[in-house]
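Here are my comments on the model you sent. Please read them with the structure open.

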Amino acid sequence: NIENSLNKVGGIVKFQVELDDLIVKVKYDTKKISQKEIELAISKAGYKANAIDANIEAYNKLAMCCKLPEDRK
């Protein structure tokens, strides 16, 4: 889900999602996009991004496998 969302964001050069560590590393063009805009895109996909909480509506729509371990039931 994060990969699909970030692929649609202009200004991102490349990114790496590390599922085991719950980390996304992003290389981006600072002339085209800011860190905050990237964090907002991740939040809108339903995930927490640094200090920005996940959009709750997007999070609730995620497949069970894509939610936090404590929310998988």
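The numbered points below take up the strands, the second helix, the pocket and the cysteines.

1. Status of the model. This is a predicted model. Please treat each value below as computed from that predicted model.

2. The strand pair. β1 and β2 run antiparallel and are joined by six bridges. Two of the partnerships can be checked by eye. I12 is bridged to Y28 of β2. Q16 is bridged to K25, also a residue of β2.

3. The turn. The two strands, β1 and β2, make a hairpin, with four residues between them. L22 sits in that turn and has a positive phi of about 55°. L22 comes up again at the pocket, in point 6.

4. The second helix. Which residues of α2 are buried? They are I38, E39, A41, I42 and S43. Note that E39 is on that list. An α-helix has 3.6 residues a turn, so residues three or four places apart point the same way. Please view the buried positions of α2 with that in mind. The cover over these buried residues includes α1, β1, β2 and α3.

5. After the helix. G46 follows α2. The phi of G46 is positive, near 105°.

6. The largest pocket. Its volume is about 830 Å³. The lining consists of 30 residues. Nearest the centre of the pocket lie I2, L22, V24, Y47 and K48. Five elements each give two or more residues to this lining: α1 (2–7), β1 (12–18), β2 (23–28), α2 (35–44) and α3 (56–61). By class, the lining holds 19 nonpolar residues, four polar and seven charged.

7. The cysteines. How many disulfides does a search of the whole structure find? The count is zero. C65 is in no disulfide, and the cysteine sulfur nearest to it, that of C66, is 3.7 Å away. Why is there no bond between C66 and C65? A disulfide is called only when the two sulfur atoms are within 2.5 Å. The sulfur of C66 lies 3.7 Å from that of C65, so the two are too far apart for a bond.

8. Exposure of the cysteines. Is C65 buried or exposed? C65 is exposed, at a relative accessible area of 60%. C66 counts as partly exposed, because its relative accessibility is 25%. The cut-offs behind these labels are under 20% for buried and over 50% for exposed.

Note on methods: Residues numbered from 1 in each chain as written. Predicted model: local features only at pLDDT ≥ 70, side-chain atom pairs only at ≥ 80, totals over all residues. Heavy atoms only, no water. Buried < 20%, exposed > 50% of the residue type's maximum accessible area, 1.4 Å probe, protein only. 1 Å grid on protein atoms, 1.4 Å probe; cavity = no way out; pocket = protein on both sides within 12 Å on 5 of 7 lines; lining within 4 Å. Points joined across faces, edges and corners; volume = space filled by probe spheres on them. Nonpolar A, V, L, I, M, F, W, Y, C, P; charged D, E, K, R; others polar. Pairing = 2+ DSSP bridges. Contact = heavy atoms within 4.5 Å.
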